[in-house]
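Trainee: I'd like to go through the labels on this structure and see what backs each of them up.
Mentor: Sure, pull it up and ask away.

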Amino acid sequence: MKARLLKVMKWVLIVVACLFVIAQFKRPARTNPAIDPAQSLEAHVQLDPQVAAILERSCYDCHSNKTRWPWYANVAPVSWFVIDHVNEARHDLNFSEWGKYSRDDQRGQLGQLCKLITDGWMPLSSYTPLHPDAKLSDEDKKLICDWASAERARMR
């Protein structure tokens, strides 16, 4: 009985290893589209250097075309999750394409940004364990929210 179980386990392990190797050939594109500086957040708002540093550290990997792809973005199936996550995040908010949003959408994005970070939704809890520097302190959140509020008022 024990020998049979070991034999089954061996074959399961072989099948899993083969599936893992085959999965490496199914790679979605890791992209960093070209950035038009005239469309970037920096070109359209008054961005405090402290806030810029926080956004770059905590947000740009997912919400810009400046993604720093980690090594594990090359290993399926984790790569599928990471690349899908970045593509979805860019679809929701892309600081590199800020100028393409309407004024109302920009104001809405600034309000949403503050709400998501103060409610603890951003950065994602699945992101921060491997990127601990992305965690936002209460001071970081206040700086971003104060800046976003000032920008919203300036846009009126």
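**Cysteines and a surface patch**

Mentor: Let's start with C62, which has a relative accessibility of 9% and so counts as buried. Keep in mind that this is a predicted model.

Trainee: What makes 9% for C62 count as buried?

Mentor: Buried means under 20% relative accessible area, and C62 at 9% falls under that, so the label fits. C59 gets the buried label too, at 12%.

Trainee: How do you know that C62 isn't in a disulfide?

Mentor: The closest cysteine sulfur to that of C62 is in C59, at 8.9 Å. A disulfide needs the two sulfur atoms within 2.5 Å, so 8.9 Å is too far for a bond.

Trainee: Then why is the link of C114 and C145 called a disulfide?

Mentor: Their S to S distance is 2.0 Å, and the cut-off is 2.5 Å, so the pair qualifies. A search of the whole structure turns up one disulfide. C114 sits in helix α6 (residues 103-118) and C145 in helix α7 (residues 138-155), so the pair ties together parts 31 residues apart in sequence. The link is right-handed, with 105 degrees about the S-S bond.

Trainee: And V12, why is that residue called partly exposed?

Mentor: V12 has a relative accessible area of 47%. Partly exposed lies between the 20% and 50% cut-offs, so 47% belongs there. V12 is part of helix α1 (residues 2-23), and together with V8 and V16 it makes a nonpolar surface patch of about 240 Å².

Terms used. Residues are numbered from 1 along each chain as its sequence is written. This is a predicted model: local features need pLDDT of at least 70, side-chain atom pairs count only at pLDDT 80 or more; totals for chains, interfaces and linings use all residues. Side-chain values use heavy atoms; hydrogens and water are left out. Patches are made of residues with over 30% relative accessible area and no salt bridge: like charges are joined within 9 Å, nonpolar side chains (Val, Leu, Ile, Met, Phe, Trp, Tyr) within 5 Å. Accessible areas come from the Shrake-Rupley method with a 1.4 Å probe; for residues, only the protein chains shown count as cover. A salt bridge is a side-chain nitrogen of Lys or Arg within 4 Å of a carboxyl oxygen of Asp or Glu. Helices (H or I, at least four residues) and strands (E, at least two) are DSSP runs, numbered from the N terminus. Buried means under 20% relative accessible area, exposed over 50%, partly exposed in between (1.4 Å probe, protein chains only).
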